[in-house]
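User: Please take a close look at one part of this structure and explain it step by step. I have not met it before.

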Amino acid sequence: MEEQLSLLSASDIERYINDYAIPWGINIAMAIAIYVIGRIVVGLLLSVFRRVMAKSKYDDMLVDFLEAIISAILMLFVIVASLDQLGVDTTSLVAILGAAGLAIGLSLQDSLKNFAAGVMLLVFKPFKAGDFVEAGGTSGSIKKIGIFTTTMTTPDNKEIIVPNGNIYGGNITNYSAKPTRRVDMVVGIGYDADLLKAKKILQEMVEADDRILSDPAPQVAVSELADSSVNFVVRPWVNAADFWGVKFDFTEAVKLRFDQEGISIPFPQMDVHLHKTDSE
């Protein structure tokens, strides 16, 4: 009886090993091999991706973010393949992940919009850190371009954080994109003033300022016969860094020079005429 039990136990053990242990061991070994080899392949693909992106000179933040997304997607495939080797029903798992992704995407529509806009800003680079731009309903110097938001600093040193969707969805004016800018100024003189003398003075002042470029040539011309004044347009070209300095200095210098030369700069005024009736 004891021999039969021992033979039965040995038979059961052998059957257990053949039916369960060996197949499961092979599956586990294959799953581990798929995971390890998959990680190695993912690492090689990410290394190639980083080298390609480095040659393209894309922003490091964008490269890191895309690398993280690609790594997560590829590793998800590796994990699903490993679980499938173990006999796990991956179809339902993929369906659950898809439903969860859809729910998250619907709840984060604005964030995804800002993310997509951030990627486009980093890829196409309409501006860079340090540029002075007008975008997203505000203006300032670009301090940092992030995946979801862009940080600006205003001329009075306020920090403004603007969602990338607001920036990319509207017009972007980059005042720092070109090395030179044109200063547009309007100077008015009275109708009784000497027009040719005023024009000559403006031309002399433009030529005397070393910050004003000779090419393109500055323009001084009569632009309008307004209600209270004859208006000149003064349009010199300067280096972008000299824009505000030239504008402020020239405006002040014009007033001082016209005062010295006796040329009046009129201000809006109204003449009121009173008529006396016979009954009064």
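Analyst: Two strands are said to pair if DSSP finds at least two bridges between them. Strands (E, at least two residues) and helices (H or I, at least four) are DSSP runs, numbered from the N terminus. The model is predicted, so local features need pLDDT of at least 70 and side-chain atom pairs count only at pLDDT 80 or more, while totals for chains, interfaces and linings use all residues. Residues are numbered from 1 along each chain as its sequence is written, and side-chain values use heavy atoms, leaving out hydrogens and water.

The part chosen here is strand 9. Strand 8 (residues 219-225) runs antiparallel to strand 9, joined to it by six bridges, and a hairpin of four residues links the two. Within this pairing, Ala-221 has Val-233 as its bridge partner. Strand 9 also pairs with strand 7, again in the antiparallel sense, over five bridges; there, Phe-232 stands opposite Val-187.

Five of the six residues of strand 9 are buried, that is, under 20% relative accessible area (1.4 Å probe, protein chains only). Strand 9 (230-235) gives two or more residues to the largest nonpolar core, as do strand 7 (185-189), helix 6 (195-208) and helix 7 (243-261). Such a core is a set of buried Ala, Val, Leu, Ile, Met, Phe, Trp, Tyr and Cys residues joined through side-chain atoms within 4.5 Å. This core has 22 residues, and those touching the most other members are Ile-189, Leu-202, Val-234, Phe-250, Val-254, Phe-258 and Ile-263.

Terms used
Buried means under 20% relative accessible area, exposed over 50%, partly exposed in between (1.4 Å probe, protein chains only).
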